[in-house]
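The report below goes through a single protein model, beginning with its sheets and the helices laid against them and ending with the cores and one buried loop residue.

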Amino acid sequence: MADVARHAGVSVKTVSNVLSGYPHVRDATRDRVLVAVDELGYEINVTAKIFRSGRSGVVGLAVPELGQPYFGELADEILSAARSHGLQVLIEPTGFTREGELAALRVPRRGLVDGLIFSPAALVQSDAHLLDDLGYPLVLLGEQLFSPSVDHVTMRNIDGARAATDLLLDAGRRHIAVIGMLHAETAGSASLRYTGYQQALEARGIEVDTRLLGWSDEAWHRANGARAMADVLDSGVRVDGVVAFNDALAIGAMYELQTRGLAIPQDVGVVGFDDIEDSRYSVPTLTTVDPGRREIAHVAVDILRRRVREQLDPSTADSAPVLYLAGMRIVERESTPRRDG
């Protein structure tokens, strides 16, 4: 730590404050210390740090997988947010399995992390009791599971899917497929995004045509989007628009549409969800819903930091569990018709 202090031109106490996530450090100073940490390859002795302060300066992040672009980019945002406060992140991919998610919930009990940001995909609402009295700070992400005893940061799934469908309806499209349906009954994002799709159609007096439902029970990857799109087209139903439940599904659907000679957006307009980096570089570029991923990451880290402080000093606790909904917006690109005006 003394070496880092000399390299950054600050005191050892300042280095300690930065690495401990102390909030009252100037941004320029914090950045200088963190650059010095990187350049010198400084590694914190976690065991010693816990012994001295009761904190490790490490937070956990449990997500279904990093291979799915949304979760990979979310992890990057959380790493960035944590690093700005001098925190390290221990990432635990849970593999979309119940066993993996239960194991992730047990990690903080080992004392290696101060708290956990948790995005479940396999646990269901009846498992909410598992989140009670964990003994460490927990911030829940996503829509798969809710608990009144846990802080929760999520997105506006219904609003986003409805806005995506309305965009196509406003362009005169009336035969809109939806890609990413799941047969399993769940309160997760698929169910909520389908609700938004339904609401948009019902508001225009359009009944849902079950032939336009593209099922993707295996996963929400590009191949599954192409397969679900093929199933819809093979049914013989007319399609002039597509709302996909994530961008990977949308890119797969666009591949299938173009393989069959359909032009995007002239014949079929396509809207995705998540605004991942790939959506900017698909051909055509993909119109999508930006669900506020960066906001979700930064708010989750801020809430977790506050709960860690409160656990160390219960007298500072000042609020009940938070339910935070991030803002959303439609990002219009080439895969949908231009709006008039």
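Across which strands does helix α6 lie? In this predicted model, helix α6 (residues 98-106) lies across β1, β2 and β3 (116-118), and it runs at about 160° to β3.

**The parallel sheet**

The strands under helix α6 belong to an open sheet of six strands, ordered β2-β1-β3-β4-β5-β11, in which the pairing is parallel. Its edges are formed by β2 (88-93) and β11 (323-325), each of which pairs on one side only, and neighbouring strands of this sheet are turned by 20° against each other on average, direction ignored. Strand β1 (residues 58-63) is joined to β2 by six bridges, with the two strands running parallel, and within this pair A62 stands opposite E92 of β2. Helix α11 (residues 293-312) also lies across strands of this sheet, namely β1, β3, β4 (138-141), β5 (151-154) and β11, and its direction makes about 170° with β5.

**The mixed sheet**

A further open sheet consists of six strands in the order β7-β6-β8-β9-β10-β12, and here the pairing is mixed. Because β7 (213-215) and β12 stand at the edges with a single partner strand each, one side of each is left without a neighbour in the sheet. The average turn between neighbouring strands of this sheet is 20°, direction ignored. Strands of a sheet pair through backbone hydrogen bonds, in either the parallel or the antiparallel sense. The table lists four pairings within the mixed sheet, each with its bridges and one pair of facing residues.

| Strand pair | Sense | Bridges | Facing residues |
|---|---|---|---|
| β6 (176-181) and β8 (241-244) | parallel | four | A177 and V242 |
| β8 and β9 | parallel | three | G241 and G269 |
| β9 (269-273) and β10 | parallel | three | G272 and T288 |
| β10 and β12 (329-331) | antiparallel | three | V289 and I330 |

How many residues of β9 are buried? Five of the five are, so this strand is largely enclosed by the rest of the structure. In a regular strand the side chains alternate between the two faces of the sheet. In β9, G269, V271 and F273 point one way while V270 and G272 point the other way, and all are buried. Strand β10 (residues 287-290) is likewise covered on both faces, with T287 and V289 buried on one side and T288 and D290 buried on the other.

**Two helices in contact**

Two packed helices are described by the angle between their axes and by the distance between the axes. For helix α7 (residues 157-170) and helix α8 (residues 189-203), the axes come within 7 Å and cross at roughly 40°; α7 and α8 are therefore oblique to each other, and their crossing is right-handed. The contact between these helices involves, among others, N157, I158, A161 and R162 from α7, which belong to a set that meets residues of α8 including S189, L192, R193 and T195. Helix α8 also packs on the mixed sheet, where it touches β6, β7 and β9 and its direction makes about 170° with that of β6.

**Nonpolar cores**

The largest nonpolar core has 68 residues, and those with the most contacts inside it are I117, M229, V239, V242 and V270. Leaving aside neighbours within four places in sequence, M229 is in contact with A177, I179, V239, V242, A253, E256 and L257. A second, separate core of 14 residues includes L131, Y136, L140 and V150.

**A buried arginine in a loop**

Is R173 buried or exposed? R173, which is found in the loop between α7 and β6, is buried, since its relative accessible area is 10% and the cut-off for burial is under 20%. Apart from neighbours within four places in sequence, R173 is in contact with L168, D240, P265, Q266, D267, V268, G269 and P337. Of these partners, D267 lies 94 residues from R173 along the chain, while the C-alpha atoms of R173 and D267 are separated by 9.7 Å. Another of the partners, G269, is one of the buried residues of β9.

Note on methods
Residues are numbered from 1 along each chain as its sequence is written. This is a predicted model: local features need pLDDT of at least 70, side-chain atom pairs count only at pLDDT 80 or more; totals for chains, interfaces and linings use all residues. Side-chain values use heavy atoms; hydrogens and water are left out. Two strands pair if DSSP finds at least two bridges between them. Axes are lines fitted to C-alpha atoms, for helices over the stretch in contact, and angles run from 0 to 180 degrees between N-to-C directions. Contact means heavy atoms within 4.5 Å. A nonpolar core is a set of buried Ala, Val, Leu, Ile, Met, Phe, Trp, Tyr and Cys residues joined through side-chain atoms within 4.5 Å. Buried means under 20% relative accessible area, exposed over 50%, partly exposed in between (1.4 Å probe, protein chains only). Angles under 35 degrees count as roughly parallel, over 145 as roughly antiparallel, 65 to 115 as roughly perpendicular and the rest as oblique. A crossing is left-handed if the near helix is turned anticlockwise from the far one by less than a right angle, and right-handed if clockwise.
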